[in-house]
Amino acid sequence: MKPILEIKNLTKIFPGVIALDDVSMEFYPGEVHALVGENGAGKSTLIKTLTGINRPDKGEIIYDGAKITDFSPIASKKLQIGVIYQELSLVNHLSVAENIFLGSAPRKGILLDRKEMMEQAKRIFEEMDLTISPNVTVKDLSIGFQQMIELAKALAQNNRIIIMDEPTAPLSNSEVEVLFGLIEKLRKKGITIIYISHRLEEIFRISDRVTVLRDGKHIVTKETKDTGRDELICFMVGRSLKNIYPKRKPAEGKQTILETSHLSGNGIKDISLKLQKGEILGLGGLVGAGRTEFAQLLFGVKKKESGQIIYRGETVNIRNPQQAMQRGIMLVPEDRKRQGLILEHTIHENISLAILKMISHFFIINRKKEASIVHGYINSLKIKSYGIKQKVKDLSGGNQQKIVVTKGLATDPEIIIFDEPTRGIDVGAKQEIYMLMNDLIEQGKTIIMITSEMEELLGMSDRIAVLCEGHLSAILEKEQFSAQTVLRYASEIDAEA
Amino acid sequence: MKGRVSHILKNYGIVLVLLIEIIFFGLVNHSFATFSNMITVVRQASIVGICSVGMLFVLITGGIDLSVGWMMSAVGMLTGYFMVTLGMNPILACLIVFVVMMVIGSIMGIIVAKLRIAPFIVTMALMNVLKGFSYLITNGKNIYGLPDSFCTIGQGYIGPIPLPIILMIFALFLGWFVLEKTYFGRYFYAIGGNEEAAMLSGIPVTKTKVATYMISSFFATFAGLVMLGRIKTGSPTTGNGYEFDVITACVIGGVSMAGGAGKPYHVLVGSLIIAVLNNGLIILQISEYVQVILKGLILLLAVIYDCVQKQRQSKMVVLEG
């Protein structure tokens, strides 16, 4: 069988870094080809080069036997290569149907054929087993559903190659099943799927072959069935990583540091739970279960409607993030680019963002103190950059996440709420964050960890609180930890133990 | 070496534009390049400069304040009315006017921050209120006979340097001090850079936004008083269209309309570029109307240049040592 896409000696250089270093690969019709590697390995650059956003400095791309000479997103669209990015590219104010047919809407002459557009959208949703009305506005959908719309878009455009970049990151487990079902359908149609993910379990489930990139170089391509998780990780980081979830001593004694009593508001319905000092309380549940909403109440982002928050025995009223921080509660938000960072600002400006008043003397910022704090964290967290004056937008996902975490840690909080702490970052950086969390626990801090990654939830938590549709479905002790148990409680309220 | 040069060009290129402009006019007409004319130019830049310091704060937060021009008129009319018709002490009159205008600024700020209405609309609405108010005070008639003590603010000198220039330097210094040195100076940049991230980092977004528009009104009032002292007349149409000059000065100087960035020296350079242009064109005896067209074109060019530069930055290969 002839490859539908061939890459030969592809090289791409950016200021100070060789993003792609003499990469050669082949992709065949009807295969699901996984692409793995740490952040900075070159996966994003490869995609951008394939879709015409980057022009390679050296090398060739041969599509269906013909060499590509025109590099632009429009040209690659003609080649029917579609991409679903990590950062969704939907227009929030338009409807779902309009988004699916963005740039390629069915027309009657020069007029938009809305009826046909709606019909086609409905058909695609049926094929995908999705119950969404084509009229719904994108911004009213959760991130999970928005991701589904991106997929529908790819289907609508009849692409022959679909590149998916971390597609399951915002999806719930049931949505992931839908996605995999779709991928099967696409594969049978002869469509090539290039699947980029950090979730190795998924790769072993659905891919035919897997390629590892590291430092811009092609390391190895193997049939998925011929390799295993440990071997892949070895190729990805160049060393073996044992014990991804580092062990730590269980918390001594039970002291309740934070308690919620019949807390309601912001989609949360009557949640009562106790947070023990020195524990990592995992917060599990499906997308939309209310985990982030719960965190927003604790951090003062949204107002509670009823119930109480009791901190160290004292009932408190937290009306904004400032007040939460004063009490020693800090939130590391879910979406680091939209909520955690000021992308155009520098590393040091981002890190000191939450402690500006604290490092000042009579209104004036003490720059020496700021620099020493910033450098201290950069060293201890091993944040890789050209210097503290570098803009945060140029850093890798893992380093960006470290900066958001650092900003929170600088306030010296007692309780840290991590919302999806390792989303979209590579295995090496994930480990570092887990070790950091362990260090924090050893220092006597307490952590609430919201995560959609089952392994992470089971591996890092001391206890797991499972939410379902705004309610607290169950609190699991270590002996009860299992994926099935979590899922069961995540899907039904008050399921029998 | 190449990296250093392009780095300097990138950040300070606008100063180069100013220098080229000065050299151009100097060569074309010798009466341009005299010391006294240069002083005149900088003095003419002062009033825009002072007002632009306030606008800088607003632009950094990603907003805009269209009310400043008519606020300057209202300031002139109200102060003139207090001093001439009511015979009030000039200092007292100024203080009251500052308070009144800053209250108006706070109202704009509260509407923008709490009701989340676009600053463009809110400040445009207030612009009209202030316009009507300017005319209403004396039914459209000019106010003459302002006390000389007051007029020194616009007419006076310290040594060879006109007072307005000193006041502009003072205003720039205030802006620089707050934005560069204080902890709350960073709040403005944070809000303009990413408001949600700022909020989640504990920054008091609402309070800062209200303060932003109060600051803009403060500097607009300041500029209005200097203008009043300069022309020695309370005229309702004084500030008409001034907001355009102020915004142009900021943008030409390099302040981004998108927010999150901008420094006081941008304001200084931008004000000077416009003042040099105005002065140069007058000396060349070019029609007033042509001047207006040119200013519009220059604003367009400045914005295009800013945009192109940003795109180039991401593609540029800097040869590191």
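In the predicted model, the radius of gyration of chain A is 24 Å, which agrees with the value near 23 Å expected of a compact globule with 497 residues. The C-alpha trace of chain A extends over about 70 × 50 × 45 Å along its principal axes. Of the 497 residues in chain A, 44% are buried. When contacts between residues at least 6 apart in sequence are considered, 69% of them connect residues at least 24 apart. The secondary structure of the chain comprises 17 helices and 24 strands.

An open sheet in chain A is built from six strands, arranged in the order β18-β21-β22-β15-β23-β24 with mixed pairing. Its edges are formed by β18 (329-332) and β24 (471-476) of chain A, each of which pairs on one side only. On average, and with direction ignored, neighbouring strands of this sheet are turned by 20 degrees against each other. At one end of the strand order, β23 (residues 463-468) and β24 of chain A run antiparallel and are joined by five bridges. Within this pair, A:L467 of the chain is positioned opposite A:L472, which belongs to β24(A).

Two helices are associated with these strands. Helix α15 (residues 427-442) of chain A packs on the sheet, where it touches β15 (280-284), β21 (415-419) and β22 (446-450) of chain A. The direction of α15 makes about 150 degrees with that of β22(A). Helix α17 (residues 483-491) of chain A, in turn, lies across β15, β23 and β24 of chain A and runs at about 30 degrees to β23(A). Strand β15 is thus listed among the strands for both α15 and α17.

Notes
Residues numbered from 1 in each chain as written. Chains lettered and ligands numbered in written order. Predicted model: local features only at pLDDT ≥ 70, side-chain atom pairs only at ≥ 80, totals over all residues. Pairing = 2+ DSSP bridges. Helix = DSSP H or I, 4+ residues; strand = E, 2+ residues; numbered from the N terminus. Axes fitted to C-alpha atoms, helices over the stretch in contact; angles between N-to-C directions. Contact = placed C-beta atoms within 7 Å. Rg over C-alpha atoms; globule rule 2.2 N^0.38 Å. Buried ≥ 20, exposed ≤ 12 C-beta atoms within 10 Å, placed from the backbone.
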